[in-house]
Amino acid sequence: TVVEETFTVPPPAEALAEPALLNDFTLPPLPQTTQIETISSDESSPPAMAPPPPIEESVSKVNQQPIEGAPSELPFYDQGYVCENCQELECSDGDFCYDYDEISPVVVLGVKGGTDRTLTDIRAFLPIWQDDLELLFGDVRGRFDDDEANEGQFGIGYRTLLSPDWIFGVYGYYDLRKTNQRNRFNQFTTGMELLSEEWDLRINGYFPNEGGKNSNLLNGVSNGTIVSNVFEERAARGFNVEVGKRILHWGRYDTQEVRWFVGYYKFDNDASGFSRISGPSTRLEFRSYDLPFLGNQSRLNAGVEYTSDDIRDDQTWAFLRVQIPLAPQANRKMLSPLRRRFVDMPVRNID
C-alpha cells in the first residue's frame, strides 16, 4: 500500500528577506513539496492482540443478586450469587471459603400475660454449626406460670437457604411438662417452616407419650393442652399451622417491623369424655432489631395474641420479649434482614 502525504515546507529565512527591497519585484520562491511514501505490508503489520482474559469475580453462595447469563439449571449457590457482605478468604486446605456475618448465641427473656394465667420464660438459642448457607442450632426453654405449672423444652433445629429469598427449617423438641395437679407429662414436638423477609409458613405436630393420670379437678385445663375431666388428666396430641406476613417496616436495614399471623390448631385424644380442642389463632407482633443499649443482634418483640376454642374459650394474650446476644459486642455484626431470620425462635405451643 502506498500512502502519499503532502505538506508545505516553509522557505528559508534568507528567501523571505529578499522581497524586502522596495524596487525589487522578485517574487518569493514557490513553496517546496515533499512526498513521503509509507509502505506497509501484511508482514510488517503488528499482530492482532488477543482479547483480555475474563475477570474472575469473587462470588458467594449467599442470597443476593444472580449474575446475568448464569445457567438456570445450576442450583442458585453455583450460579454466581454475589454476597455484598462476604469476603473471599483462603482456607487452611488451600481452597477458598467466605467470610460471613456470624450469628451470636442469644438469651431471650419474656413475659406473657393472658386471660387466665401469666407465663414467664427464659430461652437460650445456641448455634452449633454455621456457614453462609446453613445453621444447626440448639434451643433450650424454661416456662413457668402463676398457677404452679411449668415446662422444660429441649430442641435442635436446622435451617438452610433454599433460594436467594427463602429459608427452609426443620426442628424437633422433647418437652417435660408439670401440671398444677402435680402430674408430669412428656411429649415430642416436630415442625417445619419456610421463612423469607416478608413471609412465614410453619406447621407443628405434638405427640405426647403419657396416658391418663389422676386429677383433683372434675374438668378444666391445667397446662396449655393438658385437660382434666372426671378426675383424670390427659395430654392431647395434635397440630397447628400458621401463616405470617410483614405488613410494615421502616428504618435503616428495616430495623423496625410489624408482622401479622393467622393460624389454626387442633388437639384430641382417644379417651372418652374428653372433647377436642380446635380453633383459630391470630397474632400481631412488633419487632425492633439491633437495640442501641444492647448492640447488634439484639431484639425486642412485643405484641398481642388471640385464640378461641370450646374447651378454653376465648383467650387474649399480651407479650414482651428481649433478646440478648452473648458474644462480645466488638465481634457482633449487624445481620441483613434475611440472615437475621436464621435467629428467629421456632414458634410452637398453643398456650
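In the predicted model, a nonpolar patch of about 880 Å² is found on the surface, made by Trp199, Leu201, Val243, Ile247, Leu248, Trp250, Trp260, Val262, Leu284 and Val304. Three elements, β11 (199-208), β16 (237-250) and β17 (256-268), give two or more residues each to this patch. The most is given by β16, with 4 residues. Leu201, one of the patch residues, is found in strand β11. With a relative accessibility of 35%, Leu201 counts as partly exposed, because the partly exposed class lies between the limits of 20% and 50%.

The strands that contribute to the patch are also joined by pairing. Strands β11 and β16 are antiparallel and pair over 8 bridges. Ile203 has Val241, in β16, as its bridge partner. Strand β16 is in turn joined to β17 by 13 bridges, again in the antiparallel sense. Here Gly238 is matched with Phe267, which belongs to β17. A hairpin is formed by β16 and β17, with 5 residues between the two strands. In the turn of this hairpin, Gly251 has a positive phi of about 90°. As a general point, side chains in a regular strand alternate between the two faces of the sheet.

A separate open sheet contains 4 strands in the order β12-β15-β14-β13, and its pairing is antiparallel. Strands β12 (213-214) and β13 (219-223) stand at the edges; each has a single partner strand, so one side of each is left without a neighbour in the sheet. Within this sheet, strand β14 (residues 226-229) runs antiparallel to strand β15 (residues 232-235), and 4 bridges join the two. Val227 stands opposite Arg234, a residue of β15. The loop between β14 and β15 holds Phe231. The phi of Phe231 is near 60°, a positive value in a residue other than glycine. Phe231 is also partly exposed, its relative accessible area being 46%.

Charge on the surface was examined next. A patch of negative charge is formed where Asp116, Asp310, Asp313 and Asp314 gather on the surface. Of these residues, Asp310 is placed in the loop between β19 (299-309) and β20 (313-325). Asp310 has a relative accessible area of 72% and is therefore exposed, since the exposed class begins over 50%. Asp313, by contrast, is placed in strand β20. The relative accessible area of Asp313 is 49%, which makes this residue partly exposed. The backbone of Asp313 has a positive phi of about 60°, although the residue is not a glycine.

A further aspartate, Asp147, occupies the loop between β7 (134-145) and β8 (150-161). Asp147 has a relative accessibility of 38% and counts as partly exposed. Along the chain, Asp147 and Leu119 are 28 residues apart, and their C-alpha atoms are separated by 9.2 Å.

Note on methods
Residues are numbered from 1 along each chain as its sequence is written. This is a predicted model: local features need pLDDT of at least 70, side-chain atom pairs count only at pLDDT 80 or more; totals for chains, interfaces and linings use all residues. Side-chain values use heavy atoms; hydrogens and water are left out. Patches are made of residues with over 30% relative accessible area and no salt bridge: like charges are joined within 9 Å, nonpolar side chains (Val, Leu, Ile, Met, Phe, Trp, Tyr) within 5 Å. Accessible areas come from the Shrake-Rupley method with a 1.4 Å probe; for residues, only the protein chains shown count as cover. A salt bridge is a side-chain nitrogen of Lys or Arg within 4 Å of a carboxyl oxygen of Asp or Glu. Lys and Arg count as positive and Asp and Glu as negative; His and the chain ends are not counted. The place of a charge is taken as NZ of Lys, CZ of Arg, CG of Asp or CD of Glu. Buried means under 20% relative accessible area, exposed over 50%, partly exposed in between (1.4 Å probe, protein chains only). Two strands pair if DSSP finds at least two bridges between them.
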